[in-house]
Amino acid sequence: MTFSEKLLTVDSQSLLHLVNQVTPEQVERSLARRETNFSDFLTLISPAAAHYLEPMAQLAHNTTLRRFGRVILLYAPLYLSNECTNACVYCGFSIRRTLPRITLSPDQILAEAKYLKDCGFRHLLLVCGEAPSIVPVAALEQALDLLKNDFASLSLEVYPLSEPGYLQVAAAGADGLTLYQETYDRNVYSQVHPAGRKRDYDWRLEAIERAGEAGLRRLGIGVLLGLHDWRSEAVALALHADWLMKRFWQAQISISFPRLRHAPDSFAAPHPVCDTELVQLMLALRLFLPDAGLVISTREPAELRDRLIPLGVTQMSAGSRTEPGGYLHPAEDGSQFSVEDHRTPAQVAEAIRRAGYEPVWKDWDYQMHENHGNNRQREAQAGA
Ligand code: SF4
């Protein structure tokens with residue numbers, strides 16, 4: 001059974017009804033338990049639990065220290081192209097927007113990568129829109145081949161591929177895939193994706209499974225917070241991450257929290273998520289999924305990112321540019337979304353140190369996650 005098929009069996013409306021009925025006593029009982037199960041997770045995303053963020057934060061902090069230690073992995077996105085055939089209403093790269101379209105040449109890719117390597121990065125996320133005639137799988141393979149000797153980890157955030165496509169990029173040096181479903185609600189999904197291949201909800205949702213089957217070992221998921229009711233998204237997101245952790249027990253599963261803040265052309269987030277709600281979601285996910293990586297990007301402002309460090313974050317981007325070629329030639333009019341944390345990578349690393357954590361530039365957790373994976377395999381087998 002695919003996750004898409006599983007999700008069809010979930011009665012989200014009934015679960016949300018339960019969430020809205022949660023009492024303070026139920027929250028206290030969930031917080032007192034040694035392990036947070038899915039029912040507790042529903043309790044912890046409830047309106048009632050919003051009054052318990054302090055004890056949740058303490059538990060999340062302790063859980064993260066036990067599982068990950070005091071380290072934050074730093075990574076940077078490298079945009080290969082802003083060409084796209086989709087028309088996502090929230091995105092600066094939509095085919096319906098006028099902007100300078102740029103696809104980096106191999107020399108430009110190398111130059112941007114050298115800049116990032118000189119900043120200290122050893123983990124890159126290669127990003128492009130969905131324009132396979134301009135950036136085919138062969139171009140992704142070429143970019144990976146150019147970079148694989150200089151970086152410890154190369155993940156992709158690109159359009160969904162077939163399983164043979166994921167096998168090709170894995171062979172070329174990719175070890176991870178980040179792919180946000182944006183929203184798990186099929187109606188909202190079809191409203192915000194009016195044209196292009198991305199309209200196919202299931203092709204996108206199942207991509208992360210195809211990547212896992214192809215052997216990619218860092219799998220990242222997320223929703224674009226603001227498109228739909230966050231509690232409804234949280235239910236599906238938690239189920240998805242849990243399902244992936246059991247299915248691909250040897251992979252590191254990460255959850256990102258991209259939040260719509262300033263969308264282009266007056267598109268306003270229909271369900272804005274405030275800072276407190278973002279924190280509640282992160283804390284509840286940390287307690288339910290202690291082994292999951294939690295990722296905060298430069299979409300969020302510096303002050304908030306610094307406050308989130310002790311609450312369960314394990315990975316942060318830094319110094320990001322979201323336009324192709326933007327590290328060496330910044331140009332705001334070609335960017336995907338606006339960055340809110342404008343600090344340099346060195347300044348972000350210093351802020352992490354000031355918070356009492358160690359900024360890590362190179363893979364630190366693979367072995368640890370292999371061990372966690374083994375634990376998860378045992379748990380999955382015990383529960384099967
Ligand atoms: S979100 Fe991705 S697929 Fe959609 S328009 Fe932007 S780059 Fe293209």
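Modeller: Start with one term. A residue is buried if 20 or more other C-beta atoms lie within 10 Å of its own, exposed if 12 or fewer, and partly exposed in between. Keep in mind that this model is predicted.

Biologist: How many residues of strand β1 are buried?

Modeller: Strand β1 spans residues 71-81. Of its 11 residues, 10 are buried, and the strand is mostly covered.

Biologist: How many bridges join β1 to strand β9, and in which sense do they run, parallel or antiparallel?

Modeller: There are 3 bridges between β1 and β9 (residues 358-360), and the two run parallel. Find Leu 73 in the structure: Val 360 of β9 stands opposite.

Biologist: What joins β1 to strand β8?

Modeller: Again look for bridges. β8 covers residues 315-317, and 3 bridges tie this strand to β1 in a parallel run. Tyr 75 has Ser 317 as its bridge partner in β8.

Biologist: Over how many bridges do β1 and strand β2 pair?

Modeller: Over 5, in the parallel sense; β2 is residues 123-128. One partnership to look up is Ser 81 with Cys 128 in β2. Now follow the chain: the path leaves β1, passes through α6 and reaches β2, making a right-handed β-α-β crossover.

Biologist: Where is Gln 108, and is this residue buried or partly exposed?

Modeller: Gln 108 belongs to helix α6, residues 106-119. Gln 108 has 16 other C-beta atoms within 10 Å, so Gln 108 is partly exposed. Compare sequence and space too. Gln 108 and Pro 270 are 162 residues apart in sequence, and their C-alpha atoms are 38 Å apart in space.

Biologist: Which residues have the most contacts inside the largest nonpolar core?

Modeller: General idea first. In soluble globular proteins, nonpolar side chains tend to be buried together. Here the largest nonpolar core has 103 residues, and those with the most contacts inside are Leu 78, Leu 80, Leu 124, Leu 219, Ala 241 and Leu 285. Helix α12 (residues 230-247) gives the most to this core: 9 residues.

Biologist: Which residues does Leu 124 touch?

Modeller: Leave out residues up to four places away in sequence. Then Leu 124 touches Tyr 75, Ala 76, Leu 78, Ala 113, Leu 116, Leu 147, Phe 151 and Leu 154.

Biologist: Which residues are around the ligand?

Modeller: List the shell, then sort by type. Cys 84, Asn 86, Cys 88, Cys 91, Phe 93, Ser 94, Gly 129, Glu 130 and Lys 198 surround the ligand. The shell divides into 4 nonpolar, 3 polar and 2 charged residues.

Notes:
Residues are numbered from 1 along each chain as its sequence is written. This is a predicted model: local features need pLDDT of at least 70, side-chain atom pairs count only at pLDDT 80 or more; totals for chains, interfaces and linings use all residues. A nonpolar core is a set of buried Ala, Val, Leu, Ile, Met, Phe, Trp, Tyr and Cys residues joined through C-beta atoms within 7 Å. Helices (H or I, at least four residues) and strands (E, at least two) are DSSP runs, numbered from the N terminus. Two residues are in contact if their C-beta atoms, placed from the backbone, lie within 7 Å. A residue is near a molecule or strand if its C-beta atom, placed from the backbone, lies within 6 Å of it. Ala, Val, Leu, Ile, Met, Phe, Trp, Tyr, Cys and Pro count as nonpolar, Asp, Glu, Lys and Arg as charged, and the others, Gly among them, as polar. Two strands pair if DSSP finds at least two bridges between them. A crossover is right-handed if, with the strands pointing away from the viewer, the path from the first strand over the helix to the second runs clockwise.
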